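I sat down with this one to see how its pieces pack and where the empty space is. My notes follow in the order I looked things up.

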Amino acid sequence: MAEIADIISTHDSMKAAKSLNDALVKDADKLWRVSPHGIDTVMDWFGLDRAAANRLCSWRVHDHLHSDAARLMARGFSAVASIDATPERRELG
């Protein structure tokens, strides 16, 4: 229980991970930012278009992940967000 509380209290304020569990939570939190839902949310928060939100989120995520799996997932999410920002994709609805 103490480990969980500690991870929650510092998951977004410390760069270094204190444990594997901490690294997983940090990566999950950052991955959400480049997910379709995360990009939509950031668009709303900052009044950005999809391409600008993807650039902002990517800048804040890719160099700050702890695991190879998270880096791979982040690249995939960012690729999808880039395609979603094209005029052709937006026309499809």
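**Entry 1: S78**

I started with S78, which sits in helix α5. One caveat before going on: I am working from a predicted model. Is S78 buried or exposed? With a relative accessibility of 10%, S78 counts as buried, because the cut-off for buried is under 20%. I then asked which residues S78 touches once its neighbours within four places in sequence are set aside. The list I got is V34, N54, S58 and H62.

**Entry 2: A79**

Next I moved one step along. A79 is also placed in helix α5. I looked up its accessibility and found a relative accessible area of 39%. That makes A79 partly exposed, since the class runs between the 20% and 50% cut-offs. I checked its distance to V34 as well: 45 residues separate the two along the chain, and their C-alpha atoms are 9.6 Å apart.

**Entry 3: the whole chain**

I stepped back for an overview. How many helices and strands does the protein have? I count six helices and zero strands. Read from the N terminus, the order of elements is α-α-α-α-α-α. The C-alpha trace spans about 50 × 25 × 20 Å along its principal axes. The protein has 93 residues, and 31% of them count as buried. I also looked at contacts with a separation of 6 or more: 41% of these come from residues 24 or more positions apart.

**Entry 4: α2 against α3**

I wanted to see how the helices meet, and took α2 and α3 to begin with. Helix α2 covers residues 20–34, and its axis lies 4 Å from that of α3, at an angle of about 70°. The two are therefore roughly perpendicular to each other. On the α2 side I noted W32, R33 and V34. They meet P36, H37, G38, I39, T41 and W45 of α3. Sorted by class, this contact has five nonpolar, three polar and one charged residues.

**Entry 5: α3 against α4**

Then I turned to the other pair. Helix α3 takes in residues 36–46 and helix α4 residues 50–61; their axes come within 9 Å and cross at roughly 105°. So α3 is roughly perpendicular to α4. Which residues make the contact? From α3 I wrote down I39, D40, V42, M43 and F46, and from α4 R50, A53, N54, L56 and C57. By class I have seven nonpolar, one polar and two charged.

**Entry 6: the cavity**

I searched for enclosed space next. The structure holds one cavity of 30 Å³ or more. The largest cavity contains about 40 Å³ of space. Its lining is made up of V34, P36, I39, R50, F77, V80, A81 and D84. Two elements, α3 and α5 (68–84), give two or more residues each to that lining. Which element gives the most? That is α5, with four residues. The lining divides into six nonpolar, no polar and two charged residues. Going back over my notes, I see that V34 lines this cavity and is also one of the contacts of S78. I39 turns up here too, and it takes part in the contact of α2 with α3 as well as that of α3 with α4.

**Entry 7: the pocket**

I then looked for open space. The largest pocket has about 240 Å³ in it. What lines the pocket? I listed H11, D12, S13, M14, K15, K30, R33, W59, R60, D63, H64 and H66. The elements with two or more residues in that lining are α2 and α4. I sorted the lining by class and got two nonpolar, four polar and six charged. R33 is one of the lining residues, and I had already met R33 in the contact of α2 with α3.

**Entry 8: E88**

I finished toward the end of the chain. E88 lies in helix α6, which runs over residues 87–92. Buried or exposed? E88 has a relative accessibility of 56%, so E88 counts as exposed; the cut-off is over 50%. For distance I took V42 as the partner. E88 and V42 are 46 residues apart in sequence, and their C-alpha atoms are 22 Å apart in space.

Notes
Residues are numbered from 1 along each chain as its sequence is written. This is a predicted model: local features need pLDDT of at least 70, side-chain atom pairs count only at pLDDT 80 or more; totals for chains, interfaces and linings use all residues. Side-chain values use heavy atoms; hydrogens and water are left out. Axes are lines fitted to C-alpha atoms, for helices over the stretch in contact, and angles run from 0 to 180 degrees between N-to-C directions. Angles under 35 degrees count as roughly parallel, over 145 as roughly antiparallel, 65 to 115 as roughly perpendicular and the rest as oblique. Contact means heavy atoms within 4.5 Å. Ala, Val, Leu, Ile, Met, Phe, Trp, Tyr, Cys and Pro count as nonpolar, Asp, Glu, Lys and Arg as charged, and the others, Gly among them, as polar. On a 1 Å grid over the protein atoms alone, a cavity is a set of points where a 1.4 Å probe fits but cannot get out, and a pocket is an open set with protein on both sides within 12 Å along at least five of seven lines; lining residues have an atom within 4 Å of a point. Grid points are joined across faces, edges and corners, and a volume is the space filled by probe spheres set on the points. Buried means under 20% relative accessible area, exposed over 50%, partly exposed in between (1.4 Å probe, protein chains only).
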